Amino acid sequence: MEATAANPLVPNIAEIVVGLIAFSLLYIVLRSRVVPMFEKAFTARTEAIEGGIAKAEKAQQEAQAALASYTLQLSDARGEAQVIREEARVQGANIIEELRAKAQEEATRITAAAHASIEAERQQAIASLRHEVGTLATELASKIVGEALDDQVRQSGIVDRFLNDLEQSKK
Amino acid sequence: MHITGHLASGPGFVPPSTTDFKLPSIFGHSDYATKPVVLVFFSVIVISLFFILASRKAAVVPSKLQFAGESIYSFVRKDLGQEIIGAGFLDYVPFLFTLFVFVLVNNLFGIIPLIQFPTMSHVSFPYVLAIFTFVIFHAVGIKRQGLVKYLKGIAFLPGVPKFAYILLTPIEIATYFLIRPVTLSLRLFANMFAGHLLLLVFIGGGNYMLHDTHLFMKILSPFSFGFGIVMTFFEFMVQCLQAYIITLLSALFIAGALVEEH
């Protein structure tokens, strides 16, 4: 008995039994009560971190989408403004062109009217002049030739003819 | 206590021996009522209570207690489970975790005041742990690869010239079925046994010198006590290290059994 007790490598049956029971007991407790709880905490922590990251990513995506949409709107507005400006320029040019044409037309019309009136006045002046010159010439001629000639001369148109000849020779 | 008993019985200094590990029953004469048996059950209760309290809330933001428990658990989980076993390691974490904390606490009993007895210095307990590791890693290997293929993988190492099997086959079989469990348990046992013996020598020696009639011996006794304290710190390191090593080796054996070819 003493010899076996002195050999430290000889196991004790009671201690083997106790060791098996104690270790199994501890294993069951830790496996069923402790490990799942720690794993739960780890999973929850991972999810919390990943959730936070996902949230931030989502927010960033939203911000980027908003920025893209604003940029698009801005460029649209710029393009629109460009188109409007272009249209306005074209319209302005058209209006100017139109007005110019109109003014030109008006000017032409006025000029033509002026020409016409001048011509008319000239004709009138020529007619009256011719008439006066004729009268004067007739008067002069009657004074020279005698009064009786007056009616006869006018009827034959001698004066007119004379004046026409005069104009012809002038040309 | 038992040391002074020894000293009183003999005339000179009686060095501590293996009989110092044979502790009497606390009550009655049953082998089931000795100090190591009580300590082992005590360790089970202490460890269970601590970790149940620490893990009860499983909060995302841990309390100090939860953090302490988690740190130990995640050390075993990551450094001994994930990094060594790799894929599917989670199945073996409960065993490795139990093994680590069980050995650690029982080792630390060796230097905790009033307890001061490392239960693993009784070889029966390391034997039990080795049996668990032995059964588990062989079971894992057989389950993963099938009995015949697993045994063939052990006996006939692939990629080795045929004539080498004369030498290798007996070595491999001995390694897997004898050397591994024996060294696993004896390493732990011997470290705890020797450590306890060492503390007994210095503290018992100091005690003997203090009670010696010579003044010279009385003066020298603090040195013996002092070295006993130094060795206590050293023992703390060895106790933690041995808990780590037995868990590490168990994880390595399991990892080896999981891999198809050895």
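The following paragraphs walk through a predicted model of two chains, A and B.

Chain A is helical throughout its assigned elements: four helices and zero strands are found, in the order α-α-α-α from the N terminus. Few of its residues are enclosed, with 8% of the 171 residues counting as buried. Arg89(A), which lies in helix H2 of chain A, offers a handy illustration. With 10 other C-beta atoms within 10 Å, and 12 or fewer being the limit for an exposed residue, Arg89(A) is classed as exposed. Ala65(A) sits 24 residues away from Arg89(A) along the chain, and the C-alpha atoms of the two are separated by 35 Å.

Chain B is likewise built from helices, eight of them, with zero strands, and its elements run α-α-α-α-α-α-α-α from the N terminus on. The C-alpha trace of chain B spans about 70 × 55 × 40 Å along its principal axes. Buried residues account for 38% of the 262 residues here. Among the contacts in chain B with a separation of 6 or more, 63% join residues 24 or more positions apart.

The two chains meet through 30 residues of chain A and 38 residues of chain B. On the chain A side, helix H1 (residues 2-6) and helix H2 each supply at least two of the touching residues. The biggest contribution to that side comes from H2(A), which gives 24 residues. By character, the chain A side divides into 23 nonpolar, two polar and five charged residues.

Attention now turns to the interior. The largest nonpolar core contains 61 residues, and those with the most contacts inside it are Leu96(B), Phe97(B), Phe100(B), Val103(B), Leu129(B) and Ile254(B). Both chains take part: H2 (13-145) of chain A supplies at least two residues of this core, and so does each of helices H2 (35-55), H3 (64-85), H4, H5 (124-145), H7 (165-210) and H8 (215-258) of chain B. The largest share, eleven residues, comes from H4(B). In soluble globular proteins, nonpolar side chains tend to be buried together. Ile254(B), one of the residues with the most contacts inside the core, touches Ile85(B), Tyr92(B), Ile136(B), Phe137(B) and Val140(B), leaving aside residues up to four places away in sequence.

Helix H4 of chain B (residues 93-108) deserves a look of its own. Of its 16 residues, 15 are buried, so H4(B) is largely enclosed by the rest of the structure. Its length also fits expectation: at 1.5 Å a residue, the 16 residues should span 22 Å, and the C-alpha atoms at the two ends are 22 Å apart, which agrees.

The helix before it in numbering, H3(B), can be put through the same kind of check. Its 22 residues should span 32 Å at 1.5 Å a residue, and the end C-alpha atoms lie 29 Å apart, which agrees. H3(B) carries a kink of about 25°, centred on Lys78(B). The buried residues of H3(B) are Gln66(B), Gly69(B), Glu70(B), Tyr73(B), Val76(B), Arg77(B), Leu80(B), Gly81(B), Ile84(B) and Ile85(B). Ile85(B) is also one of the residues that Ile254(B) touches. Just after H3(B), Gly86(B) adopts a positive phi of about 80°.

Key
Residues are numbered from 1 along each chain as its sequence is written. Chains are lettered from A and ligands numbered from 1 in the order in which they are written. The expected span of a helix is 1.5 Å times one less than its number of residues. A residue is buried if 20 or more other C-beta atoms lie within 10 Å of its own, exposed if 12 or fewer, and partly exposed in between; C-beta atoms are placed from the backbone. A nonpolar core is a set of buried Ala, Val, Leu, Ile, Met, Phe, Trp, Tyr and Cys residues joined through C-beta atoms within 7 Å. Two residues are in contact if their C-beta atoms, placed from the backbone, lie within 7 Å. Ala, Val, Leu, Ile, Met, Phe, Trp, Tyr, Cys and Pro count as nonpolar, Asp, Glu, Lys and Arg as charged, and the others, Gly among them, as polar. The bend at a residue is the angle between axes fitted to the seven residues ending there and the seven starting there.
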